[in-house]
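Have the sequence and the fold open side by side, and let us walk through this model together. We will start with a pair of helices, move on to a sheet, and finish with a few individual residues.

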Amino acid sequence: MEKVDLLVVGGGAAGMSAALAAAGAGPVSVLLVDREERLGGILPQCIHQGFGLGYFQRNLTGPEYAARIVAQMEGAAVSVRLNTTVLSLSQRRTAELSGPGGYEPVAFRRLILATGCREKTIGSLPVTGTRPAGVFTAGEAQRMINLRHWRPGKKVLVLGSGDLGLIMARRFVLEGCQVLGVVEQKGSCGGMVRNYRSCLLEHRIPLITRTTVTQLHGEGRLTGVTLHHLDSGKEEQVACDTLITALGLIPERELLAGLGGKLPGWASLCGNCDYVHEIVDTVTAQAEELGRQVGMELLGRG
């Protein structure tokens, strides 16, 4: 069984920054594992600008931000395993990995989970109707358009006015789609002011507040949704072939199940796995600080 001082799960900004800081503290063995085929986490699919203003003092796209940290990984004392999934963790400080070489157990002294977060789906809402094609989370749609160059639909409605919902509304307009509006159950936009201005106002996309979706229509493919206006109680059917849901994010901590759902003293959460950050700059700063602390602890200087 391979043995390392520190196992980092997740190769996004948080995982890379924590691993680099821990390795930079001194001679500790660091293994970073990620299930994707390349480092960067979700950043490579975020092709819009707005990243790095705080940390790098530059207005970068997601891929540009990721590339700066990936460049630091080159030559660093960090072992990286891509296309590798952590199947489980145990109280014995071991992890079961599954990668190109098959099954492999790894023992470690310290663990950092930097697994990011997952999106809430339409199933989290009391929505009735069938289950037609054409309903996607904002992250799924972003990946399809920006990485796979697929256009999920033509006539689009976005549910949720957080930053990702706003950004995807604009993205669909730039793809030549008709965006009917962004639906928000609260009385005001949920995203940052700069995104509201650049995504909705500049592209004349309506923001429909105090409203939610209560029913999906269509067999096989989405043909429309029912909107429920919360103030008046009025219901309205809107024709569309695509519904994009931006309902919020949940820290991804499923691996803690093998530890009884609790975080032992030898494990730490990092980045969006700890709590959902508004910007990646604070993710990087938090990860670096945690990585330094863990590195010093492993060297007996903490």
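In this predicted model, helix H4 passes helix H5 in a left-handed crossing. To find the pair, look for residues 163-174 for H4 and residues 193-201 for H5. Two packed helices are described by the angle between their axes and the distance between the axes. Here the angle is about 25° and the axes are 8 Å apart. Because angles under 35 degrees count as roughly parallel, H4 is roughly parallel to H5.

Which residues make the contact? On the H4 side they are Asp-163, Leu-166, Ile-167, Ala-169 and Arg-170, and on the H5 side Asn-195, Tyr-196, Ser-198, Cys-199 and Leu-200. By character, the residues of this contact divide into six nonpolar, two polar and two charged.

Now turn to the sheet. Strands of a sheet pair through backbone hydrogen bonds, either parallel or antiparallel. In this open sheet of five strands the pairing is parallel, and the order is S11-S18-S12-S13-S14. At the edges stand strand S11 (135-137) and strand S14 (207-208); each has a single partner strand, so one side of each is left without a neighbour in the sheet.

Start at the S11 edge. Strand S11 runs parallel to strand S18 (residues 242-245), and three bridges join the two. If you would like a landmark there, Thr-137 has Thr-245 in S18 as its bridge partner. Helix H3 (residues 138-146) packs on the sheet and touches S11 and S18. The direction of H3 makes about 90° with that of S11. Helix H4, which you met above, also packs on the sheet. H4 touches S12, S13 and S18, and its direction makes about 170° with that of S13.

Further along the sheet order comes strand S12 (residues 155-159). Is this strand enclosed or open? Four of its five residues are buried, so S12 is largely enclosed by the rest of the structure. Five bridges join S12 to strand S13 (residues 178-183), and the two run parallel. One position to pick out is Val-158, whose bridge partner in S13 is Val-182.

Next, follow the chain into the loop between S13 and H5, where Glu-184 is found. Is Glu-184 buried or exposed? Its relative accessible area is 10%, and because buried means under 20%, Glu-184 is buried. Leaving aside neighbours within four places in sequence, Glu-184 is in contact with Gly-160, Ser-161, Leu-207, Ile-208, Thr-209, Arg-210 and Thr-211. Ala-246 is 62 residues away from Glu-184 in sequence, while their C-alpha atoms are 9.8 Å apart in space.

One of those contacts of Glu-184, Arg-210, deserves its own stop. Arg-210 sits in the loop between S14 and strand S15 (211-217). Its phi is positive, about 50°, although Arg-210 is not a glycine. With a relative accessible area of 32%, Arg-210 is partly exposed.

Our last stop is Asn-83, in the loop between strand S5 (78-81) and strand S6 (85-90). Asn-83 also has a positive phi, near 55°, in a residue other than glycine. At 40% relative accessibility, Asn-83 counts as partly exposed.

How values were computed: Residues numbered from 1 in each chain as written. Predicted model: local features only at pLDDT ≥ 70, side-chain atom pairs only at ≥ 80, totals over all residues. Heavy atoms only, no water. Axes fitted to C-alpha atoms, helices over the stretch in contact; angles between N-to-C directions. Parallel < 35°, antiparallel > 145°, perpendicular 65-115°, else oblique. Left-handed = near helix turned anticlockwise from the far one by under 90°. Contact = heavy atoms within 4.5 Å. Nonpolar A, V, L, I, M, F, W, Y, C, P; charged D, E, K, R; others polar. Buried < 20%, exposed > 50% of the residue type's maximum accessible area, 1.4 Å probe, protein only. Pairing = 2+ DSSP bridges.
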